[in-house]
Amino acid sequence: MKKFLYIVTIFFAGQVALAQQKSQLKIFQINIWQEGTMVPDGFPAIADEIIAKKADVVLFSEVRNYNNTDFVQRILAELKNKDAVYYGISSEPSLDVAFISKFPIKDQRPLYTEANKVGNVLKSKIQVAGRNFTFYAVHLDYTNYACYLPRGYDGVTWKKLDQPIVDVASIIEANRKGKRDEAIRDIILDADKESNSETIVVAGDFNEPSHLDWTSETKDLFDHRGAVVPWDCSVLLTEAGFVDSFREKYPNPVSHPGFTYPAYNKDIAIDKLAWAAQADDRDRIDYVYYRTNKPLKVSEVKIVGPSGTVKYGKKQDEDSQDEFMLPVGVWPTDHKALFVELEF
């Protein structure tokens with residue numbers, strides 16, 4: 001009898017310990033600047049960064065499938081040659097985003113809609129520790145880059161304006177000429193149908209700042225010139241229940257601006273890194289958003305890339321309290337990336 005009770009006690013103790021175990025999912029979001037082709041040795045450096053950051057899933061922007069090559073298969077092969085095994089599904093040539101995972105991909109498809117004909121949203125599903133995740137890898141419309149207007153530059157031609165445009169209504173009107181807000185609305189509508197996914201992640205290069213960054217606290221910083229702007233994409237996602245993982249971890253946009261573009265890169269001429277040479281055009285335009293109906297914690301958020309930044313067309317040492325994961329070698333892009341660890 002005592003032996004039986006001992007075995008039962010050990011069994012239940014093991015079950016309690018198992019229930020108390022936590023699972024982590026490490027997300028790496030990166031704009032790879034035309035598959036790393038703009039930087040010498042950029043392509044292998046993409047794989048090096050994935051391995052160094054121990055990423056579980058990776059969401060890529062600026063996939064080009066150059067010369068009828070398949071980026072997903074190329075990066076999987078590069079990783080395998082370096083003893084890192086990931087799953088990935090080849091996508092259509094017109095798709096400029098991609099997704100790979102250490103977990104098998106259960107389903108994947110482009111999110112083609114009327115507002116999103118160019119195929120810059122890719123929907124992928126995986127399961128981690130019994131939890132269903134749906135990922136939307138995005139690269140939104142780069143035109144009508146309206147955050148340049150207060151900085152004295154045109155967001156379509158990239159040319160200098162006669163004077164900055166600081167009227168918020170005019171900025172929003174110009175911003176909505178792009179297709180970013182339409183794409184985000186389509187993602188939200190699609191995500192609302194995902195009743196079987198406990199956690200949904202939307203991540204990528206939005207080509208648009210956040211309303212959590214252009215606030216009254218920052219209106220006189222970073223060449224915002226007094227503008228407090230409710231940028232559409234971040235407002236729409238917030239209203240739909242999505243959480244900006246970076247701002248959840250670092251709510252102060254003054255001490256932790258989180259700039260992801262432009263990024264300094266020692267291997268590239270400075271005039272190739274910024275479009276507004278006479279402005280402070282730094283912004284946070286790369287994001288990892290999530291929405292969940294089960295307990296989940298953002299345990300870590302780091303900016304990945306060089307700590308140096310570009311301001312007024314010149315290199316500047318980092319001037320914030322942002323936390324960085326530095327490159328292991330060559331940095332393959334003109335963006336900084338994001339590392340987000342979810343714990344559940």
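Here is a short conversation about helix packing and one sheet in this predicted model.

Student: Why is helix 5 called roughly parallel to helix 6?

Tutor: Helix 5 (residues 180-191) and helix 6 (residues 232-239) pack at an angle of about 15°. Angles under 35 degrees count as roughly parallel, so helix 5 is roughly parallel to helix 6. Their axes lie 9 Å apart, and the crossing is right-handed.

Student: Which residues of helix 5 and helix 6 meet?

Tutor: From helix 5 come Arg180, Asp181, Ile184, Arg185 and Ile188, and they meet Asp232, Cys233, Leu236 and Leu237 of helix 6.

Student: What makes up that contact of helix 5 with helix 6 by class?

Tutor: The contact has 5 nonpolar and 4 charged residues, with no polar ones. Cys counts as nonpolar, so Cys233 of helix 6 belongs with the nonpolar group.

Student: Good, now the sheet. What makes strand 3 and strand 14 edge strands?

Tutor: Strand 3 (87-88) and strand 14 (324-325) each pair on one side only. The open sheet has 7 strands in the order 3-4-2-1-15-11-14, and its pairing is mixed.

Student: How do you know that strand 3 pairs with strand 4?

Tutor: Pairing needs at least two bridges. Strand 3 and strand 4 (residues 97-101) are joined by 2 bridges, so they count as a pair, and they run antiparallel. Glycine 88 stands opposite isoleucine 100 in strand 4.

Student: Which strands does helix 3 lie across?

Tutor: Helix 3 (residues 71-81) lies across strand 2, strand 3 and strand 4, at about 35° to strand 4.

Methods. Residues are numbered from 1 along each chain as its sequence is written. This is a predicted model: local features need pLDDT of at least 70, side-chain atom pairs count only at pLDDT 80 or more; totals for chains, interfaces and linings use all residues. Side-chain values use heavy atoms; hydrogens and water are left out. Axes are lines fitted to C-alpha atoms, for helices over the stretch in contact, and angles run from 0 to 180 degrees between N-to-C directions. Helices (H or I, at least four residues) and strands (E, at least two) are DSSP runs, numbered from the N terminus. Angles under 35 degrees count as roughly parallel, over 145 as roughly antiparallel, 65 to 115 as roughly perpendicular and the rest as oblique. A crossing is left-handed if the near helix is turned anticlockwise from the far one by less than a right angle, and right-handed if clockwise. Contact means heavy atoms within 4.5 Å.
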